Amino acid sequence: MNRIYIEQLSKHIGKEVTLRGWLYIKRSSGKIKFVVMRDGTGLVQGVIAKSEKSDELFAKFEELTQESSFIMKGKVRKEDRAPGGCELDVSDIQIMQIAKDYPITPKDHGVEFLMDRRHLWLRSSRQHAILRVRHHIIKAIREFFDDGGFLLLDAPIFTPAACEGTTSLFETPYFDLGTAYLTQSGQLYGEAGAMAFGKVYVFGPTFRAEKSKTRRHLTEFWMVEPEVAFSDLDDNMDLAEEFLEYIVQSVLKHRMPELQTLERNTTFLSNVKRPLPRITYDEAVEILRKQGVTFEWGNDIGGTDETIVSEQFDRPVMIHRYPAETKAFYMKRDPKNPKLSLALDVLAPEGYGEIMGGSQREDDLDVLLQRIKENNLPQEAFEWYLDLRRYGSVPHSGFGLGVERTVSWICGLDHVRETIPFARMIYRLTP
RNA sequence: UCCGCGAUAGCUCAAUGGUAGAGCAUGCGGCUGUUAACCGCAGGGUUGCAGGUUCGAGUCCUGCUCGCGGAGCCA
C-alpha cells in the first residue's frame with residue numbers, strides 16, 4: 001500500500017486520498033467547517049461544505065476534539081489561500097479515538113507546564129521544527145565525518161574514572177567491581193581509536209552531574225568528538241572551522257522552512273564561512289580590557305565575557321592557547337610558552353557562547369605521567385591511556401561539539417531544553 | 001552551594017490592606033471561506049503550605065516547598 005503523507009500532498013492535486021492523523025484545530029462557520037489534520041509530516045485543512053451528504057460529516061466534525069485520531073478521505077484541491085498550497089474536500093471521516101481535554105491549547109503556556117507534558121508538547125509545530133533541525137544537524141555531522149574518511153568509534157557509557165576532573169560524575173554500582181561512572185566524554189577512547197584508525201569520531205550521550213541551572217546546561221547531552229592522529233592545534237582548528245561551516249550551511253540549504261517557523265534571523269548563520277577568526281587567549285583578554293572589563297590574566301573566560309568577545313565578530317570565533325592552569329591534564333603545553341595549553345574553544349555569536357572545545361593532546365609519556373601526579377589522579381586508572389604514549393605515540397588532536405548548544409544557537413532558542421526530545425536537568429527527570 | 005525573581009480558575013495573567021476578575025480552554029446557541037476565526041450565554045476558586053501582624057490579608061512579616069533566571073563549572 002502506498003501511504004500518502006501531508007508533506008507530499010501537493011503532488012496529488014485532483015486525486016482522492018486517505019490521510020491518517022490527529023486533529024490539530026478545527027473551525028466552524030455555520031454551513032462550512034474546517035478541520036486541520038496533522039500527520040507528523042505537516043498540516044492540511046480539510047473543508048466540509050453544506051451538501052447532500054454533509055449531515056453525517058457535520059456530526060463527525062462536532063465529535064472531533066483537539067488531538068483526536070481519525071482517518072480523513074477526500075479530494076486534494078489546489079488552494080492559494082492555504083499555507084501548504086492545497087486543501088482537502090472531505091468526503092469521509094472515520095474517528096479512531098476521541099481525545100478528551102487535551103491539555104496543551106493553542107494559547108500561551110508556562111515552561112513548567114509544557115515540560116511536565118513534554119511527551120505531548122512534541123506534537124506542536126514549533127517543536128517539530130526544532131527537532132527536525134536537530135535531526136538534520138546530526139545527519140550533517142555524520143555526513144561530514146563519514147565522507148571525510150573518519151571511522152565512527154562508539155565509546156563506552158560506563159567508565160571506571162573521570163576524563164576531566166573528579167567532580168560532576170554520575171555514579172552507579174557495578175557488580176563486584178565497585179563503582180562505575182557515566183561518561184563525561186568519549187575523548188580518551190577516541191584517542192585510542194585515532195591511534196588505531198588514524199581518524200575517528202565518537203558520537204553519543206554524555207553525562208555531567210554539574211549543579212548548573214542555566215539556559216545552556218543539561219545533565220545528559222550529546223557530543224560529537226573527532227580525534228585525529230598526526231594533527232596539531234592548527235590542523236585541529238582547520239578541521240573545526242570546516243566542520244562548523246558544513247553543518248550550518250547544510251541546515252541553511254535544507255531546513256529553511258523550519259528556521260522560518262522559528263522566526264530565526266539567519267544573517268549570522270549565513271556568515272558561517274571559512275576562515276573563522278582565530279584569536280589567542282591573550283588577544284581575548286586585550287579585547288575585554290578595551291571594553292572596560294577588569295580581567296586578571298589566568299582566569300577562565302566566563303559567560304558574560306564570552307559574549308563581549310564574540311560580539312566583536314560577525315561569525316563564530318576561535319580562541320586558542322589558554323592558561324594551562326585552568327585546562328585539563330591531557331592538553332599539550334605550548335612549546336613556546338609552557339604557561340599555555342594548546343587548547344581551543346569556539347564561541348558562537350549572539351551570546352550563545354561555547355559550542356566547541358578541544359586541544360592538541362600531550363603525546364609525551366613522561367610529561368603526561370607528571371600531569372597525572374600534579375592533578376592527583378589515580379595512575380592505575382590511566383595505564384591503558386598511557387599505553388597509547390608507550391606504543392607509537394604521535395602528535396594528535398581533537399575537539400568536542402555540543403549538539404544541543406549547536407541546535408539552540410542555529411534555531412535561535414533561549415534554552416537548550418527544547419533542543420532534545422526529553423531534557424534531563426538538575427531538577428527534571430520526567431517525563 | 002550562593003544571589004535575584006516568582007507561585008491567584010484547566011492554561012496565561014489582573015486585582016491602593018476593604019465584595020477575587022479578564023482572555024483562552026470547556027459546555028450550550030449563532031454564523032457558507034475560517035487561518036491562535038468571530039458573536040452571545042453558562043459553569044468554573046481551600047489565592048503553593050504552616051504560622052504571625054491587623055477590625056479586616058491574594059496583598060504586609062517569618063519559615064518551608066516548588067518553579068524560573070543567573071553565578072561558579074562546562075559542551
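I began by fixing a term: a polar contact is a pair of N or O atoms within 3.5 Å. I also note at the outset that the model I am reading is predicted.

**Polar contacts with the RNA**

With that cut-off in hand, I looked up G30, and found one of its polar backbone atoms 3.2 Å from a base nitrogen of RNA strand B. I then turned to K213, where a backbone N or O atom lies 3.2 Å from a base nitrogen of RNA strand B. For S29 I recorded a backbone N or O atom at 3.4 Å, and here the partner on RNA strand B is a sugar or linking oxygen.

**Surroundings of RNA strand B**

I next listed the residues around RNA strand B, which number 43, and noted that R27, E87, P106, R215 and R405 come nearest. Of the atoms of RNA strand B that come within 4 Å of the protein, I found that sugar and phosphate make up 49%. Sorting the residues of this surface by character, I counted 21 charged, eleven polar and eleven nonpolar. When I asked which elements supply at least two of these residues, I obtained strand 1 (16-29), strand 2 (32-38), helix 2 (111-116), strand 11 (220-229) and strand 16 (353-360). Strand 1 gives the largest share, with four residues.

**Helix 4 against helix 6**

I then examined the packing of helix 4 (residues 125-147) with helix 6 (residues 233-254), whose axes are 9 Å apart and make an angle of about 135 degrees. Helix 4 is therefore oblique to helix 6, and I entered their crossing as right-handed. On the helix 4 side I listed V133, H136, I137, A140, I141, E143, F144 and F145, which meet L239, E242, F243, Y246, I247, S250, V251 and H254 of helix 6. I classed the residues of this contact as eleven nonpolar, three polar and two charged.

**Backbone geometry**

Looking through the peptide bonds, I noted that the one from R274 to P275 is cis, with omega near -5 degrees, and I placed P275 in the loop between helix 8 (267-270) and strand 12 (278-280). I also recorded a cis peptide bond joining T430 and P431, with omega at about 0 degrees, and located P431 in the segment after helix 13 (403-411).

My last entry concerns D101, which has a positive phi of about 55 degrees although it is not a glycine. I found D101 in the loop that runs between strand 5 (86-97) and helix 2.

Key:
Residues are numbered from 1 along each chain as its sequence is written. Chains are lettered from A and ligands numbered from 1 in the order in which they are written. This is a predicted model: local features need pLDDT of at least 70, side-chain atom pairs count only at pLDDT 80 or more; totals for chains, interfaces and linings use all residues. Side-chain values use heavy atoms; hydrogens and water are left out. A residue is near a molecule or strand if one of its heavy atoms lies within 4 Å of it. A polar contact is a pair of N or O atoms within 3.5 Å; within protein, one must be able to donate a hydrogen and the other to accept it, and residues adjacent in sequence count only if both atoms are side-chain atoms. Helices (H or I, at least four residues) and strands (E, at least two) are DSSP runs, numbered from the N terminus. Ala, Val, Leu, Ile, Met, Phe, Trp, Tyr, Cys and Pro count as nonpolar, Asp, Glu, Lys and Arg as charged, and the others, Gly among them, as polar. Axes are lines fitted to C-alpha atoms, for helices over the stretch in contact, and angles run from 0 to 180 degrees between N-to-C directions. Angles under 35 degrees count as roughly parallel, over 145 as roughly antiparallel, 65 to 115 as roughly perpendicular and the rest as oblique. A crossing is left-handed if the near helix is turned anticlockwise from the far one by less than a right angle, and right-handed if clockwise. Contact means heavy atoms within 4.5 Å.
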